[in-house]
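Biologist: I have never read a protein model before. Could you walk me through it, one feature at a time?

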Number of protein chains: 2
Amino acid sequence: MGAIAAHSGRDDGDPAAHDRPACSGGRPRMRAPATLDALFAPRSVAIIGASNDSNRIGGRPLRYLREAGFAGAVYPVNPRRNEVQGLRAYADVRDIPGPVDLAIVIVSADLVVETIEACAEKGIGCAIIFSSGFAEVGPEGARRQQRIEEIARAAGMRLLGPNCLGAFNSHSGFFGTFTQAFDTGVMFPGELGVVSQSGAAGAHLAYMCRQRCIGIGHWITTGNEADIEVSECVEWMAHAPHVKVIALFVEAIRNGPRFVRALEAAREHGKPVIAIKVGRSAAGALAAASHTGALVGEDKIYDAVLRQHGAYRAESIDELLDLTYASLQGRFPSNSRLGIVTTSGGLGILAADAAVQVGLAVAPLNEGARGKITAMIPFAGTRNPIDVTAQGVNEPILISRSIACALNEGGYGSLVCFLTSAPAVPSIGTPLLQALVSLRQDHPDAVIALEMVVPPEIRRQYEEAGFLVFEDLHRAIRTLHALDVIRNGFALQPSCVPDAPAATALPDVADEYNAKLLLGRHGIPVLAERVVSTPAQAAEAAREVGLPVVLKIVSPDIPHKTEVGGVVLDVRTVEAAEEQARALLHRVAEARPDARISGILVSPMRSGGIESICGVVNDAVFGPVVVFGLGGIHVELLRDVSFRLAPFDEAEAHRMIREIRGAQILLGARGGARGDVDALARSLAALSRFAVAHRDQVAEVDINPMMVLPEGEGVVALDALIVRSESARPQSVSNIPHGAENREDRSVLA
Amino acid sequence: MGAIAAHSGRDDGDPAAHDRPACSGGRPRMRAPATLDALFAPRSVAIIGASNDSNRIGGRPLRYLREAGFAGAVYPVNPRRNEVQGLRAYADVRDIPGPVDLAIVIVSADLVVETIEACAEKGIGCAIIFSSGFAEVGPEGARRQQRIEEIARAAGMRLLGPNCLGAFNSHSGFFGTFTQAFDTGVMFPGELGVVSQSGAAGAHLAYMCRQRCIGIGHWITTGNEADIEVSECVEWMAHAPHVKVIALFVEAIRNGPRFVRALEAAREHGKPVIAIKVGRSAAGALAAASHTGALVGEDKIYDAVLRQHGAYRAESIDELLDLTYASLQGRFPSNSRLGIVTTSGGLGILAADAAVQVGLAVAPLNEGARGKITAMIPFAGTRNPIDVTAQGVNEPILISRSIACALNEGGYGSLVCFLTSAPAVPSIGTPLLQALVSLRQDHPDAVIALEMVVPPEIRRQYEEAGFLVFEDLHRAIRTLHALDVIRNGFALQPSCVPDAPAATALPDVADEYNAKLLLGRHGIPVLAERVVSTPAQAAEAAREVGLPVVLKIVSPDIPHKTEVGGVVLDVRTVEAAEEQARALLHRVAEARPDARISGILVSPMRSGGIESICGVVNDAVFGPVVVFGLGGIHVELLRDVSFRLAPFDEAEAHRMIREIRGAQILLGARGGARGDVDALARSLAALSRFAVAHRDQVAEVDINPMMVLPEGEGVVALDALIVRSESARPQSVSNIPHGAENREDRSVLA
């Protein structure tokens, strides 16, 4: 076992650096938070509730600490025994003579409060509480959890759990966990950090990693998160020098901004974050008052947050493990073009199918390179896939030469080679390994995945030579694509704006007219329009704003104007304006005699653009989220929308626009006019700044439609609705008290 | 090794049964084709080009035949040796004293013709030709291939290959293959049949199956398919009593109807066909004259054919193997509802996410059942997922009782249980296995997948008890879904019509008017409309058909009328009709002075429905394919279309309509009027019959738009184009001479 992980992190000598806003130009510079050092590198550990039986929950930690060669002091605490597993036991943690850095608490829930009090008295820096029976079981447990939080906070003691599986640091041999995953041996050191809210999921990941020879250096399960929560762990690992890749299993984030900061710290340090976030099926749309609000679901926000901040969201444990394995090798593709070398024509086509499906480009080799391969292998496929045919199997040097040719002349960001059982066939295996090891020396940075189905010892030879090895072509290609996504995420600056304007009091925005006035002041183009009181004034206003016009009722009580006959489109004459205004007032009075009427809005009629929807929802966890989609069936039926945490800049807005499936419509699909995408991006970025400036007052914004005019002509908000926080703050599933969401009743689609 | 697979098949005593059309009411009744018995069950085998070196291509078949205990006679043929691997060798196949059922030909390409001649003289029933150097290498090879075809046909000898890896029957020990996949041991018998066009893919599948303990009974690689092709193999296996599941690796089908017949034979016998069809990325749209034609790609036709005829298309080798493994157990879900039992809350939610994503319903348990589980496990999650918590792990009987409760009261078609490493923990493993074996006895037919990561011997115990075992939750759930799809496919009648009308000569359909007249006679509703010659007649016709009207130019030379100003919509008066008709004739004369003008079409103006596109493309391999989609961006941008081989009935048409993503629009999404889906289905079925009746004359049909009116009001074809076969028969990629498509230049998207 290696040395204890002495945490150093990056320290640029500027003590105020970590207080800077994340976007004061260029990359954020953050100091390493040392907060979890006491947890991951204790010098002395008390086990309160230690058992003499090394197979019981109370016995496992001591057994694992010994198996892993933990060098610090270990003090079993058990009032009923003088000795536990051969060590002297203490009746009370306060009886321990020396200092204690960390306590592992394995007592029943009703004894935890007094145990934590004792730990506080002893001056222990950190306690890991395995016990369950807290917030996850109901109000009484929640009160108990709150009590231990208070004791710990007062004493300056950190808490992990309750209701967790603990943590370990395989470098120092500190194993503060009782997971059964190590029943057949503890974890060996490695460069992976694992953070899981679910103990069982964390244990499963540890078990799977061990089986796949992936060493986990630091591992932590946060359970009910009375104190230490997942974001802090990610941030600590982002700075920890022994951690190279971070794997995450998340159920619900409590503090959105802190989570974002943690992801940015990982990106800053070039550490891939590979996350499983569960709850896709359960998280329905938020309760919302606006059209936009109905489009946003908790899960889509997580999707957006992870993508926007450079993390990769994996769908399955297999995908997470494959990508973790590959990321630990530290090589990332330089572009999205995939080279395919194969010993089977049919499987080469299958590989091309898989590549195109995930989004890698199967670009053809140039003629020169194709000629070189044909010169070596007369009947080879040379376009890409490069099929070396049975001749390649019989003469393995042809395989490595073909790969070299593809790498040298194809400019592929990554390459996959299908070998099936060939490396295990004695007559082929040895020359093949030699040829590929030699190829590796000439191309040390190339990302090369080999598909092979061979015994572990053969597999290891190729891995040690720097190849990624997969048994299945699709998994290899899916992983290469994910590496490419991570590379892209690293290449982006964190999305940010120079300075969000200071929040100002929100004026009256109860009706469309005032909502648009306010948005107009924040940089979103609106029409020159007028509010009038009488039909005669409507006629005059129509003349002023220019015919044809649109008439709309203005009322704080009527958010959905069309339903009460409160909108008249395409009014072409001044006379018609007067007449239609009169009829409109009549209809509205009939339909809603109770409504307060502020007047009639007279606007120039605009048509000929592409209708879009731009909106904001203020999420309880992550704050304002901007939503974008095209009008009509695109959002309503196809739910083709993209999301971003606010604020963001125009570059991010461009990515947001291009992310929807229907983006081609804006970009001039099928000979249609290209919309003014630059102006749209400016407006989305402006909307994101507005949302942040008014995050305390605004619950939702709905610009529907935002008309995108042809290129060079801008965009214009034709209708807008601003919902104040007081009236309808959307509730996200993330609001459920923590510890409860694991259990029950996250309604799953049936 | 078991007995030789004596092929019996089903024989209902009616010698003409297999000649009946597949749809003469009820299920087709097909006699077993005995055609491949000589190949799969030879009593005597000659190996022409046999090598004394058992590691060479010429040496492996003899080695494998011996290792597998083949009981028949084996005759090495090698003019340069008296003995090969200890057996007497013959200089010429004609020197062999006794009869020879089958010859394996392993000589260089230039010697194959004379070898096949010798085999024909000897009266051999079947030859397997490993040699390459035929159609796959160019014209000279193609001529050589044609020559051996002719010799074999004249002699009544069957050919497998050339350029193939052969075939085996593990029941009889007949191994006519040189694949390296068996270097470490031949395949053991089992109930899987494998058919692969690609030798390497077939070998890879065999190797993977062996590794996963899946026994392959019959295996065949068809290579260049000079004679035996994939469809015949599938059909033979559909009838073969030892084959339970058929796995398929396809590059291109040569004879569409025969392939369809083979799939239907498998469905008839209740045998799942699990297919990989490569080329998704390469197969572009067909060259086509109509709008419909441009929507159809070769790959989409394969998709439709496989789905329509009950086969399952797998995307990856992993998926194919998982589903093969599960199908061999012979249990299929009774419905699409999935029960989830888990020892981890977080992974339970992950399982629910995966289920919803693939399309299984995670339906909640009823209150009574939930109460029962809570009574056993106080803090259990009971809704579904059912989270038995750590208590379940400590008391395994609680897991089996929870599963039993879910099966008894949840009515789930299948169930997945997450166990991770628990079955391998000694204190848990034994009681867990006992509890689950006992559960199995009470629920022998339930489809239950267990997620566990354990050593093979423990895994085997659960498999033998009738559980499916997976290491990854997602793979388990994906497989359960696929089993459900297969069950659904089996439940459907083959899509068919009572009797396709006899083909009649195709009248003049060069213009829209005549095309619609013809379609109208075949049961597709069209408008009452008139063709006139002069503006005055147009006015009169407008009065007759009813205002408002649409005017369109009628000309065999102008398929795209709008482009030349040849369409006027919404003409509201008789006077306007005359005036607009004059202007229209003028515009068309200016734009296309060369065009022959048949007249002006005067139609009633129809609006207020939902626009759809119904079309036909006559595929070179599969014959007429009907295409359906909604108008506008649905087909043009989203390519949201569905396909079916013609002919089909209204039930199939209903499935076709519901398959598109935008189907909700037709079914009354968001308060819109529900379209007349029944009438649409009738028209699609009528179009499919028309397409079959005129398959020799019609290349494409394009009904665009087919207006779907509100429920009860029918549909109406507002415009139609029929393209005759002579003018523009679409070319499919499948037209490439066989053997060539593996190699090169299937253009892959870059």
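Biologist: Let's begin with strand E15 of chain B: how many bridges join it to strand E17, and in which direction do the two run?

Modeller: The general idea comes first: strands of a sheet pair through backbone hydrogen bonds, either parallel or antiparallel. In this predicted model, E15 (residues 338–342) and E17 (residues 414–420) of chain B run parallel, joined by five bridges. To see one of them, look for Thr342(B), whose bridge partner in E17(B) is Phe418(B).

Biologist: Where do these two strands sit in their sheet, and in what order do its strands come?

Modeller: The sheet in chain B is open and has five strands, in the order E16-E15-E17-E18-E19, with parallel pairing. At the edges you find E16 (386–387) and E19 (468–470) of chain B; each has a single partner strand, so one side of each lacks a neighbour in the sheet.

Biologist: Chain A has strands too. Which strands does E5 of chain A pair with?

Modeller: E5 (residues 102–105) of chain A is joined by four bridges to strand E1 (residues 44–48) of that chain, and the two run parallel. Here Val45(A) stands opposite Leu102(A). Four bridges also join E5(A) to strand E6 (residues 126–129) of chain A, again in parallel, and there Ala103(A) has Ala127(A) as its bridge partner. Between E5(A) and E6(A), add helix H3 (residues 109–122) of chain A, and you have a right-handed β-α-β unit.

Biologist: Which way do the side chains of E5(A) point, and are they buried or exposed?

Modeller: Leu102(A) and Ile104(A) point one way, while Ala103(A) and Val105(A) point the other way. All four are buried.

Biologist: Now for rings. How many aromatic pairs are there over all chains?

Modeller: Searching the whole structure gives 28. One of them is stacked: Phe168(A) and Phe175(A) lie 4.7 Å apart, centre to centre, with 10° between their planes. Both of these residues are buried. For an edge-to-face pair, turn to Phe175(B) and Phe182(B), with 5.7 Å from centre to centre and 85° between the planes. Phe175(B) and Phe182(B) are buried as well.

Biologist: Which residues make up the aromatic cluster that holds Phe168(A) and Phe175(A)?

Modeller: Tyr64(A), Phe182(A) and Trp219(A) join those two in one cluster.

Biologist: Where does a charged end sit over a ring?

Modeller: Chain B gives us two cases to look at. The charged end of Lys277(B) sits over the ring of Tyr302(B), 4.4 Å from the ring centre. Likewise, Arg440(B) has its charged end over the ring of Phe467(B), at 5.0 Å from the centre.

Biologist: And how do I relate the two chains to each other?

Modeller: Two copies of a chain are related by a rotation about an axis and a shift along it. Here, chain B is superposed on chain A by a rotation of 180° with 0.1 Å of shift along the axis, and the RMSD is 0.1 Å. That is the relation of a two-fold axis. What is more, 100% of the interface residues of chain B are also interface residues in chain A, so the copies meet through the same surface.

Biologist: What does Ser421(A) touch, and is Ser421(A) buried or exposed?

Modeller: Leaving aside residues up to four places away in sequence, Ser421(A) touches Val453(A) and Tyr207(B). Ser421(A) is buried, with a relative accessible area of 8%. You will find Ser421(A) in the loop between strand E17 (414–420) and helix H15 (426–442) of chain A.

Conventions:
Residues numbered from 1 in each chain as written. Chains lettered and ligands numbered in written order. Predicted model: local features only at pLDDT ≥ 70, side-chain atom pairs only at ≥ 80, totals over all residues. Heavy atoms only, no water. Least-squares fit on C-alpha atoms with pLDDT ≥ 70 in both. Contact = heavy atoms within 4.5 Å. Buried < 20%, exposed > 50% of the residue type's maximum accessible area, 1.4 Å probe, protein only. Pairing = 2+ DSSP bridges. Phe/Tyr/Trp six-rings, centres within 6.5 Å; stacked < 30°, edge-to-face > 60°. Lys NZ or Arg CZ within 6 Å of the ring centre and 35° of its normal. Right-handed = clockwise from strand over helix to strand, strands pointing away.
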